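Student: I keep meeting words like "partly exposed" and "core" in descriptions of proteins. Could we go through what earns a residue or a strand such a label?

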Amino acid sequence: MKPGLTGLPAPLLALGLAVVAASASGGPVPPGLGTVLAPAVPVAQSAGTVVRVPISGTIELGVAPFVARALAEAAESGAPAVIIELDTPGGRVDAAWKIIDDLRDAEVPTYAYVNRRALSAGAMIALATDRIYMRPGSTLGAATPVTGEGEKAPEKMVSAMRSEFRALAEERGLDPLVAEAMVDESIEVPGVSEAGRLLTLTTDEATALGVADAEVRDLIELLEVTRLPAAPVREIQPNWAEAIVRFLTNPAVAPLLLSLGFLGLIVEVRTPSFGVAGAVGLASLAAFFGAHHLVHLAGIEEILLFGAGAVLIALEVLVIPGFGIAGILGTAAVLGAAVMGMVGQVPTFDQVFNAAGLVSLSIILVGVATWALVRHLPRSNRFSGLFLRASTSRETGYLSVPPREDLVGERGVTSTDLRPTGVAIVNDERIHVVTEGPWLEAGTPIRILEVASGRVLVRRAKETPESENRNEV
């Protein structure tokens with residue numbers, strides 16, 4: 001555990017430096033904090049700017065990079081302390097684990113200020129700091145992991161959380177049973193919590209047990225308790241990049257990104273050149289995997305798996321005829337990468353189920369969008385210029401290709417491989433043909449079976465016409 005902030009009374013010159021630093025600081029100062037800069041208040045040790053990091057609402061994936069940046073900026077600026085202000089009912093455990101790892105490795109003393117509540121993952125974050133201070137009427141605990149349906153998570157997840165809380169308590173010199181009782185209701189703490197009752201501590205209970213170091217009414221009193229009464233406070237808020245990452249990783253936005261990505265690639269496969277649809281599809285998929293990579297969900301493995309799947313699908317569409325093993329494996333790889341990119345390092349069944357549901361939702365959206373485009377876009381007045389509505393028929397005198405019924409029954413030899421199309425020489429004439437069965441190599445004798453709408457259907461010819469006719473039904 002990092003040492004706490006201690007210091008000796010400073011001379012009057014330190015007070016003047018504190019006032020100058022406070023007036024020059026660019027960060028917002030909570031209301032009433034300016035009174036601690038008055039000369040009548042004694043200064044303890046430091047005139048550096050304290051960094052305040054508010055964490056409110058549900059702890060989601062984008063919170064971890066925000067806290068990591070705040071701790072890095074505090075260390076770089078030489079801040080005397082970082083105050084993590086908590087008012088949260090909890091959230092994703094994997095996001096909380098990343099935050100507590102950063103708090104343990106922080107180069108600056110960290111204090112938790114429980115402003116109302118620090119429950120579940122919020123309690124774990126509070127225990128990872130050097131000191132805990134609680135506002136009157138606040139609560140701390142209730143950290144049993146639950147599924148998306150509100151039910152208790154499997155024992156594997158509960159055991160991991162229980163061990164994490166025990167380790168944090170031992171690191172801070174607290175009673176490990178108290179920390180474990182916040183996770184597992186079956187643990188009894190004599191004189192504190194009975195078996196079968198999940199432990200949630202009030203401010204008075206937490207201070208009496210030593211979990212919280214003191215009760216403080218507000219941030220001003222917290223600074224006084226930590227011997228930083230004259231220190232200006234700078235609040236760090238999520239920047240635009242972190243806000244975008246939190247938006248892109250939102251469960252409501254992720255399936256839309258996947259849908260746009262898949263739909264764009266499908267449209268691009270059906271068009272002769274690379275255009276807007278392909279660019280939008282690639283950008284959407286890049287935004288999905290890039291955002292999840294930044295919040296430490298999608299690693300290089302998921303990105304490589306998606307790339308391999310995309311290559312297999314491209315081979316199936318552009319090179320290999322039909323839809324076979326390559327297409328199936330490619331589709332499975334792409335969908336698997338999307339699911340893996342939305343679960344944590346230690347995924348629960350609930351997280352995997354939710355991720356699979358989001359991917360399924362994106363597939364449904366792609367299907368509906370594709371059906372709507374095929375059915376309604378050709379009739380749209382806005383896009384009427386993109387489609388040919390008028391048509392002419394053979395009866396009205398229009399022929400797309402000259403009729404070649406005279407070729408039926410003629411024999412020839414393939415000039416190129418037929419896979420399944422290619423070129424054959426028939427009566428010294430090069431003709432584009434299609435084989436009706438297996439692929440044929442160049443130099444194979446063929447016979448023309450049918451000519452329809454410019455399509456010349458052939459099959460491998462027998463050695464003699466007589467033997468070939470005998471084999472026909």
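Tutor: Gladly! Buried means under 20% relative accessible area, exposed means over 50%, and partly exposed lies in between. Keep in mind that this is a predicted model.

Student: Why is Leu365 called partly exposed?

Tutor: Its relative accessibility is 32%. Partly exposed covers values between 20% and 50%, so Leu365 counts as partly exposed. Leu365 is found in helix H14, residues 349–376.

Student: What makes Leu365 eligible for a nonpolar surface patch?

Tutor: Patch residues need over 30% relative accessible area and no salt bridge, and Leu365 has 32%. Together with Leu256 and Leu361, Leu365 makes a nonpolar surface patch of about 230 Å².

Student: What makes a set of residues a nonpolar core?

Tutor: The members are buried nonpolar residues joined through side-chain atoms within 4.5 Å. The largest core here has 59 residues, and Phe165 is among those touching the most other members. Leaving aside residues up to four places away in sequence, Phe165 touches several residues, including Met124, Leu127 and Met182. A second, separate core of 18 residues includes Phe262 and Val359.

Student: How do you know that E9 and E10 pair?

Tutor: Pairing takes at least two bridges. Two bridges join E9 (residues 411–414) to E10 (residues 421–426), so by that definition they pair. These strands run antiparallel, and Val413 stands opposite Ile425 in E10.

Student: What makes E10 and E11 a pair?

Tutor: Six bridges link E10 and E11 in the antiparallel sense, against a required minimum of two. Ala424 stands opposite Ile431 in E11.

Key
Residues numbered from 1 in each chain as written. Predicted model: local features only at pLDDT ≥ 70, side-chain atom pairs only at ≥ 80, totals over all residues. Heavy atoms only, no water. Buried < 20%, exposed > 50% of the residue type's maximum accessible area, 1.4 Å probe, protein only. Contact = heavy atoms within 4.5 Å. Helix = DSSP H or I, 4+ residues; strand = E, 2+ residues; numbered from the N terminus. Patch = residues over 30% accessible without salt bridge, like charges linked within 9 Å, V, L, I, M, F, W, Y side chains within 5 Å. Areas by Shrake-Rupley, 256 points an atom, 1.4 Å probe, with all protein chains shown as cover. Salt bridge = Lys/Arg side-chain N within 4 Å of Asp/Glu carboxyl O.
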